[in-house]
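Please read the points below with the structure open beside you, and follow each one on the model before going on to the next.

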Amino acid sequence: MQLAMNAKALSVQDPSSLKHMDQNDSCSTPRKEMQNGALTKVESVYGYSKKLQDDLEMLGRKIKQHEENIKFLKTQKNQVDDSILDMQVSLGKYHSASGPLNDNDSLSHSQSEEEVIEQILRHDKSAAGILCLLKTRHIIQASNLTLTKDVLGIVATLGKVHDENLSRLMSEYIGLENMLAIVCKTYEGVKCLETYDTEGSVNKSAGIHGLGASIGRHLDGRHIVICLDYLRPYVGEFVADDPQRRLELFKPRLPNGECPPGFLGFAVNMINVDSTNLYCVTTSGFGLRETLFYNLFSRLQVYRTRTEMLAALPSISDGALSLDGGIIRTTGIFSLGSREDVGVRFPVSSGMLNLPLNYFETENQIKEMNWRKQTLQEDMKREQALLSHAKFNFEIKKQEFVKFLAESSSLASPHQFQGGRERLTPR
């Protein structure tokens, strides 16, 4: 009975209460529409913002990829440049700024070993002059002398170069005193050249002094003797598959990572050493290039012109020469003025008579390397153009994004969202 009464009570309601419910429904509908519209606009703004950000990220990745490609291509090009330089040095493919000499000119003006000996003999009161005189005109006597057994030779006679101009420059750089230096293998050989009395004075009747007196040549002044065993040798790698065992020295680099224009190589690698002196000259097994010539020239750089040499100053640490006569002794020390003929120069091996065995094979490799270099340069230009285009698009898209943010800031600001939330929150 109670359940029936409750059901009846529910079926009969005050019309005013129904009217109030209808009014609540009609008020909530615009409020929901406003909320949905605002949310749709926010979602649209967010969606477009997300798209712009994605586009910027994609362009950023493209820029990074092109930059990495250019960096890789530059590394490849630098390696090719280094290989070309090494092969050119091995063939003596460097010439003065006035242009290369033809074969006939090279042969007629090149200096032979005999001419070098004659130049040394002119210094008749030098230790080098006395030894050369003994070996050329007193051969039997020289072979029986203890003091000459450890002597390897005179600096000027222990290396050759491919170019007469380079011979003059390198001889001037190390100076006459060093060009006439006697080279001994061990310190025992140095001791044999000069002895002293009890008061420390030089014994003029023994050693090189006594030898000079015996052949009518009295030794005056000081002279340099180089002991190979006491020199600090080059410690590093050698150029791979190079019969001359040239040193694998790091090429100079400009701030952009490229080799300076006009750089031809290192002087120490432009000396040709006789095959018998390339290995095991010292008791420790070192050759002449990494001992004698490395100590004389160190990392002396050679450039085609003085202008190119001076432009590369930040990359020069141990001096430099230019084929038109420029000399930098070491960092901050310049040799100015006209060239000086020191009178004793390295002999020159030039022309077809002294071509390396693999000359023509190396020539072809140089041609291939130059072709490879041109291809890499074209690839770099193409990558640079793509990089510039990607950066341009990135800037355009960034400006579009900044403009969009400015235009949508009123909607996207926290205050507006807070006000929107207050309006959209049901009461």
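1. In this predicted model, 5 strands make up an open sheet, and going across it they come in the order β4-β5-β6-β7-β8, with mixed pairing. As general background, the strands of a sheet pair through backbone hydrogen bonds, and the pairing may be parallel or antiparallel. The edges of this sheet are taken by β4 (263-266) and β8 (333-335), and because each of these has a single partner strand, one side of each is left without a neighbour in the sheet. From one strand to the next, the twist averages 20°.

2. Within this sheet, it is worth looking at how β5 (residues 301-303) and β6 (residues 320-322) are joined, for they pair in the parallel sense over 3 bridges. To find one of the residue pairs on the model, start from Gln301, whose bridge partner in β6 is Ala320. Helix α7 (residues 164-179) packs on the sheet, where it touches β5, β6 and β7 (327-330), and the direction of α7 makes about 35° with that of β7.

3. A separate point concerns the other open sheet, which has 3 strands in the order β1-β2-β3 and again shows mixed pairing. Here β1 (151-154) and β3 (225-227) are the edge strands, each of them pairing on one side only. Neighbouring strands of this sheet are turned against each other by 25° on average, if direction is ignored.

4. Strand β2 (residues 182-184) runs parallel to β3, and 3 bridges join the two. One residue to look for is Ile182, which has Val225 as its bridge partner in β3.

5. How do the helices α5 and α9 lie relative to each other, and at roughly what angle do they cross? In general, two packed helices are described by the angle between their axes together with the distance between the axes. The axes of α5 (residues 127-137) and α9 (residues 207-214) come within 10 Å and cross at roughly 55°. The two helices are therefore oblique to each other, and the crossing in which α5 passes α9 is left-handed.

6. Finally, the residues that form this helix contact can be picked out by name: Ala127, Ile130, Leu131 and Leu134 in α5 meet Ile208, Leu211 and Gly212 in α9. Sorted by class, the contact of α5 with α9 has 6 nonpolar residues and 1 polar residue, with no charged residues.

Notes:
Residues numbered from 1 in each chain as written. Predicted model: local features only at pLDDT ≥ 70, side-chain atom pairs only at ≥ 80, totals over all residues. Heavy atoms only, no water. Pairing = 2+ DSSP bridges. Helix = DSSP H or I, 4+ residues; strand = E, 2+ residues; numbered from the N terminus. Axes fitted to C-alpha atoms, helices over the stretch in contact; angles between N-to-C directions. Contact = heavy atoms within 4.5 Å. Parallel < 35°, antiparallel > 145°, perpendicular 65-115°, else oblique. Left-handed = near helix turned anticlockwise from the far one by under 90°. Nonpolar A, V, L, I, M, F, W, Y, C, P; charged D, E, K, R; others polar.
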